[in-house]
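Me: I am new to this structure and should like to be introduced to it through questions and answers. May we begin once it has been shown?

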Amino acid sequence: MKTNLVKYLLVFGLVIASIGCESLDVKNLNEPDTDRVLATPGDLIGLAGGAMRVWSNAIQEYSGPALAMCTMADENTCSWGNVGMRDLSSEPRAGFNNNITYAYSYVNRDFWNDSYTANSSVNDVLMKIEEGTIINTQAETDMIAAWCYFMQGVVHGYLGLVFDKANIIDETTDLSTLEFIPYPEVAAAGVGYLDKAIAKINSSAPFTLPDGFIRGYNLTSEELKQLANSFAARILAYSSRNKDDNEAVDWGRVLTYANAGIDWDYSPNMDDNTWWDNYKGYGVYPGWVRVDHRILNLMQHNYPSRWPDDNVSWNTIDG
């Protein structure tokens, strides 16, 4: 037994010695990198085209800020604690609990992560284009570039609408130098990217977006330009958060964008599988969200704009 043990130890030592002569720096062929993932025109088109679905789902997501913000704004009301609706709409107002242990921290975290995921996708595609990659033809390359600028604009515009500060990141950004930028600048950057998309469309051959970029639509280049103008008008108008912001908005510029915007309904087709609208789904769920008193008061002025302290119902109010 002792002899066998010595033999085993000797063999084991020889194996270890032989391994020691080999490099342990082994390439993991199963770990993808950008060049391998984006090796074909189809890869680039697919990555760019999926960005809107990621972003659109994020703004309509149950775990996103939409449900909480609609109650914060007294547009709707809901007493449930779900997704921070009760916490964030309670009066007197309380500051957002920005601790990672907060039960509803996903309300801002998920939207943040998904927004930058969509933005990262189009940035990767633009970097390949900047490197000289042609996506089938120059006309198709220009179409994808215009779409990517459009998505950069939408993403940054809405980050500026939702957060106090955010990062501005495009295909030229050195990620080691990132810093948080105040919301007016982030929203303005979004409008700047939309301007870039509009300019790219104007300088490109007419095109039609492929299936799946916006579910239910195959926008022409002219229609995409109109949509970019409408988003620019919305971001500029909605970026105002107080009286000073409101006075600083260039309303003439807003009107110019709006006049060049869409004159048709924009409503992506939700299949509740790959594209969804949980904001509206939960908003009409029995026993959940209801129209706030403030909105009812705008339509029926003798209805209380706030729930009466004495709990008197509208039916007993004279008139």
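Me: In which loop does Val 83 lie?
Reply: The model discussed here is a predicted one. Val 83 has a positive phi of about 45 degrees, although it is not a glycine. Its place in the chain is the loop between β1 and α6.

Me: Is Val 83 buried or exposed?
Reply: A residue is called buried when its relative accessible area is under 20%. For Val 83 the relative accessibility is 0%, so Val 83 counts as buried.

Me: Which residue in the loop between α12 and α13 has a positive phi although it is not a glycine?
Reply: Most residues other than glycine have a negative phi. In the loop between α12 (251–259) and α13, the residue with a positive phi, about 60 degrees, is not a glycine. Its relative accessibility is 62%, and it counts as exposed. The residue is Asp 272.

Me: What is the form of the peptide bond from Glu 91 to Pro 92, cis or trans?
Reply: Pro 92 is placed in the loop between α6 and α7. The bond that joins Glu 91 to Pro 92 has an omega near 0 degrees, and its form is cis.

Me: Which residue forms a salt bridge with Arg 93 at 3.7 Å?
Reply: Side chains of opposite charge can pair when their charged atoms come close. Arg 93 lies in the loop between α6 (85–89) and α7 (106–130), and its partner in the loop between α5 (66–72) and β1 (76–77), so the pair ties together parts that are 19 residues apart in sequence. Arg 93 is partly exposed at 42% relative accessible area, whereas the partner counts as buried at 9%. With the closest N and O atoms 3.7 Å apart, the partner is Asp 74.

Me: Which residues are linked with Asp 74 and Arg 93 in a network of salt bridges?
Reply: By the rule applied here, the count comes to eleven salt bridges. In the network that holds Asp 74 and Arg 93, the other members are Glu 91 and Arg 306.

Me: Which residue meets Lys 225 in a salt bridge?
Reply: Lys 225 and its partner both lie in helix α10, three residues apart, about one turn of the helix. The partner counts as partly exposed, at 41% relative accessibility. With an N to O distance of 3.5 Å, the partner is Glu 222.

Me: How are α9 and α10 oriented, roughly parallel or antiparallel?
Reply: The axes of α9 (residues 183–202) and α10 (residues 221–238) come within 9 Å and cross at roughly 160 degrees. Angles over 145 degrees count as roughly antiparallel. α9 is therefore roughly antiparallel to α10.

Me: How many nonpolar residues are in the contact of α9 with α10?
Reply: Residues that meet there include Val 191, Leu 194 and Ile 198 in α9 and Leu 224, Phe 231 and Ile 235 in α10. By class, the contact has three polar residues and one charged residue, and the number of nonpolar residues is eleven.

Me: How many of the ten residues of helix α4 are buried?
Reply: Among the buried residues of α4 are Met 52, Trp 55 and Ile 59. What covers the buried residues includes α3 (41–49), α5, α7, α8, α10 and α13 (278–283). Helix α4 (residues 51–60) is mostly covered, and its number of buried residues is eight.

Notes
Residues numbered from 1 in each chain as written. Predicted model: local features only at pLDDT ≥ 70, side-chain atom pairs only at ≥ 80, totals over all residues. Heavy atoms only, no water. Axes fitted to C-alpha atoms, helices over the stretch in contact; angles between N-to-C directions. Helix = DSSP H or I, 4+ residues; strand = E, 2+ residues; numbered from the N terminus. Parallel < 35°, antiparallel > 145°, perpendicular 65-115°, else oblique. Contact = heavy atoms within 4.5 Å. Nonpolar A, V, L, I, M, F, W, Y, C, P; charged D, E, K, R; others polar. Salt bridge = Lys/Arg side-chain N within 4 Å of Asp/Glu carboxyl O. Buried < 20%, exposed > 50% of the residue type's maximum accessible area, 1.4 Å probe, protein only.
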